[in-house]
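Colleague: Could you take one part of this model and look closely at it, going slowly enough for a first-year student to follow each step?

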Amino acid sequence: MASGMMMTTTRALAPVAARSASRGVRAAVRAGPSRGFAPSLGARRSVYCKAVEAPVNPTELKPPANLHGFELVREDYVAEYDSKVFFFRHAKTGAEVMSLSNDDENKCFGVTLRTPPANSTGIPHILEHSVLCGSRKYPIKEPFVELIKGSLNTFLNAMTYPDRTCYPVASCNLQDFRNLVDVYLDAVFHPRCVDNEKTFQQEGWHYELDSPDQEMTFKGVVYNEMKGVYSSPDSVLAREAQQALFPDNTYGVDSGGDPTVIPQLTFAEFRDFHGKFYHPSNSRMWFYGDDDVEERLKILDSFLSEFDRKEIDSTIATQKYFTEPKRVVASYVAGEGEEADKSFVQVNWLLNDGPFDTETALAVGFLDNLLLGSPAAPLRMALEESGLGEAIVGYGLEDELRQPTFAIGLKGVAKEDIPKVESLITETIAKIAEEGFTQAAIDSSVNSIEFAMRENNTGRFPRGLSLMLRSLSAWLYEGDPVEILRFEEPLAKLKARMAKEDVFTPLIKKMLIDNTHKVTIELNPDKELGKVQDDEEKAKVAAYRAGLSPEEIEKVVADTEELKRLQETPDSPEALACIPALDITDIPKEAKSIPTDVSTVGATTMLTHDIFTNDILYAEHLMDLHAVPMDLMPLVPLWCRAMQRMGTSKRSFVDFDQLMGATTGGFSLSPFTSSIRGSDDVSAYLVLRGKSTSAQAGQLHDLMAEMMLQAKLDDKEIFKQLVLESRASMESRVQSGGHSVAAGRLDAMDSVAGYVGEQLGGLAQLEYLKTLAKRIDTDWDGVVADLEKIRAAVVSRAGSVTNLTADAKTLDATAGAVQSFLDALPAEGTGAATEAWSKDLVLPPVNELITVPTQVNYVGKGANLYKSGYELHGSAYVINKLLGTTWLWDRVRVSGGAYGGFSDFDSHSGMFSYLSYRDPNLLKTIANYDGTVEFLKDISLDKDELTKAIVGTMGDLDSYQLPDAKGYTALMRHLLKVKDEERQQRREEVLATTEKDFKKFGEVLEATRAPEARVCAVVSPDAAKAAMKERPDLDFKVTSVM
Ligand SMILES: [Zn+2]
């Protein structure tokens, strides 16, 4: 899926992921196969999950006898997804419904409204947050949060696009699914926020003043979320590009909200916007899965029938073509260091005056893949190897909005080199148009795209929602919502054309060479800008305050107090009972196990998982990371990248990459570490992950062996580029995902696994990269020698683990290929470290403030519960989940104004951390963390609330997974020594959790506010200064990063 457009969501996605997986596991999961292209197209059949009840046979499905106020407009069958499609229109309101029936148990629903904004006050975004804050049937503060607490959902969020707002849900449990649909429909059509200005103030913006002698400020969840977004130069670039390409239609403003404009928004405008666009006549609904079609219509009609048809103009105007190219020069907030002194440059094109037809869309998708889809693609390679910048920016093709666009550029460019980057882009494109693509490049793209389409691996994102988003990209713009889902026929046609003629040169000429609708964005660092923006914000508030009488100031104080009081008063149990909930008896008592067969093949532990994968083999080969000497550990991530980027002694990098693309599903190499509970051992491996069809497994393993044994490691220019790229991506992670950096630092002060993890992917890694960048010039031979030392030490069969996921037939057919791969590895590493990792590695515990240029903070605090005597009990999962949806949500997000606040309990290491995300506060947040102890000790939970928390936790534990994820999860359980019996015991503990467990856990959490507990936060230099002044007793150590 293209990701160029600015899109915002109700709930921070990163923290959600953090809740359900331990950090070590996450690090390895993140590293997918190295081929970047994931076309938003899917596979032949959604055969992976089976219906619980009588399976649907989609081809024979008839339309329901009773249509409940709808008319059947069209009946179709999409073979690619084995789905029966009915397209309905609601007679009374004109609401449109796409209904897909198939045997996927992961049922999906979404309601989407076209919501084109006229300005950058962020109305669509604030509304997206606010409609989920109570509705007619569900008159409580946040039904959304109640659903997160107590539902088995596999997806629950809301998204604001530049021109639409989407409310999607998914669940494998039918009753749960229907509950979610009901709550969402009521929220969209009957929200309380249109009559309740307090919600608008909370989610949008308001003046906050605790007492007349304090400073008045702007507050609001969206306000602060967008301040965080505007602190990231990458987001600034994307926004400038979109607005410059579309100056004349709705894409020329920011639907998310510009923090300098948000405070102009009035409640009346906000209410009117809902009145205008949130109407059935402007809605498009989507149902997908194995649930009953008639019931879908019945539910919808119960909401729609009270409305009448209304004419609503929400069409997105077409942007007219420019007659000549444009240029925009803008700036971003830069840090103090000289390393921050770097520009961005990106060239953008508008490709068409409307959505592409299916065949052109596919051809342009191929072109995008050929130009940028892999590190060997010529446009990407020319830029990456130019030495002109640190990393690629621009998303290539973006085709989800009304008119498709294309963008490419570089970041980390010296200002004087900007013209060179521009000419390089122009010249490379011209050269490609002249020379065409090689057959090897085309074969590679064809196989990669076909593989991705048939695999249809949407990861944790439900397949039905991925299809919905694709359908909407035609449906919203008067296109055909069904045809866009097909790919077999257009693909066959395109391949036939490609065999006969040059398909791509005319496209390149038309879209990228002769196209005058081209905008170049230059984004330069400005060290003063942060202060200027801060001062402007303060001046605005001061000017407002200066115009107030003492009585009016008292009123602001009273309003602030009133808002806080409302926010901190929980809904009564009677009110909460309106939210439909499952019962504990709806949850299976038995933990599901993943089929796993463990055997030993020589020195290798072999795990196999007999799971149907539609002819695909998923293979992981793990080598013991303990073999790498500790002083070389921080070089391992770079070594992994170098192994995949310089070719082998047999083939050049381009030949190797194209052969991999043409004959496999891709593979990747990355490190993984985690603590193991109840042991001083650390699980630490190098993970080689690959996939292919059963027939390609031999080629997959030959190429993996070739890379491991013969990859070149001595290309200085390439290596330098990799270091700069890694540094740039770590720097943007510190700035836009500071909570994970803070968490990593706390772990490094706690355990050896945490220390190693930080060396590999935390702040220590960033520091190492800075030194390494200099060392390349002074000691290149030494660097190469170190890289070779790592390979010699780690590439071996000793202590290795192989993990294979496929059905028995595929496993059988590919066993020989796997065996030859293992045979090719040396039995022992050379120069491998043998001593155990010392506990002295752990960083000395301090309270630390990491400063970067930012307008928001990421605040962490943590302690190890096992060290203070706590023994793992299943109730900890329930309590941790409840904290993130009650105490921390209410205090850190709702009244604190942060975008997110949650806790993370790593059950392997025992580390319990509180983390906040895009937070205006620092010390106040820490005080809220400390308050968790009292919150738990004093808690009084009625039965419903407790049941909800248990059910929600079970939803996380039983989360829906595609086959490759199942095999990988089983591997993690094996490595971290989590046995099925233990999982069953935890499950029973979760199900039996009582109020007493919460109170007891309050005692346990005393550890997190004891003197040994540590604070680590990513903050602005000003926030650091203020905190040190206010709390000298915390003895903060300040580390300046950028
Ligand atoms: Zn948001």
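Modeller: Before using a database record, it helps to know that UniProt positions are given here in the numbering of this model, that feature names are shortened, and that an annotation may be inferred rather than shown by experiment. Please also keep in mind that the model is predicted. In an unreviewed entry, UniProt lists residues 523-772 as "domain: Peptidase M16C associated". Over residues 523-772 the chain is 50% helix and 18% strand, and the C-alpha atoms at the two ends of this stretch are 27 Å apart.

I will concentrate on helix 22, which covers residues 653-663. Two packed helices are described by the angle between their axes and by the distance between those axes. For helix 22 and helix 14 (residues 439-455), the angle is about 40° and the axes are 6 Å apart. Angles under 35 degrees count as roughly parallel and 65 to 115 as roughly perpendicular, and helix 14 and helix 22 are therefore oblique to each other. Helix 14 passes helix 22 in a left-handed crossing. On the side of helix 14 the contact is made by A440, A441, D443, S444, N447 and S448, while helix 22 contributes D657, Q658, G661, A662 and T663. Sorted by class, the contact of helix 14 with helix 22 has three nonpolar, six polar and two charged residues.

Helix 22 also packs with helix 23 (residues 697-710), here at an angle of about 155° and with the axes 10 Å apart. Because angles over 145 degrees count as roughly antiparallel, helix 22 is roughly antiparallel to helix 23. The crossing of helix 22 and helix 23 is left-handed. In this contact, F656, L659, M660 and T663 of helix 22 meet Q699, L703, E706 and M707 of helix 23, and the residues comprise five nonpolar, two polar and one charged. T663 is thus named in the contact with helix 23 as well as in the contact with helix 14.

For comparison, consider a pair from elsewhere in the chain. Helix 31 (residues 887-895) and helix 32 (residues 923-937) pack at about 160°, with axes 10 Å apart, and are therefore roughly antiparallel to each other. Helix 31 passes helix 32 in a right-handed crossing, whereas the crossing of helix 22 and helix 23 is left-handed. Here W887, L888, R891 and V892 of helix 31 meet T925, N928, Y929, G931, T932 and F935 of helix 32, which divide into five nonpolar, four polar and one charged.

Notes
Residues numbered from 1 in each chain as written. Predicted model: local features only at pLDDT ≥ 70, side-chain atom pairs only at ≥ 80, totals over all residues. Heavy atoms only, no water. Helix = DSSP H or I, 4+ residues; strand = E, 2+ residues; numbered from the N terminus. Axes fitted to C-alpha atoms, helices over the stretch in contact; angles between N-to-C directions. Left-handed = near helix turned anticlockwise from the far one by under 90°. Contact = heavy atoms within 4.5 Å. Nonpolar A, V, L, I, M, F, W, Y, C, P; charged D, E, K, R; others polar.
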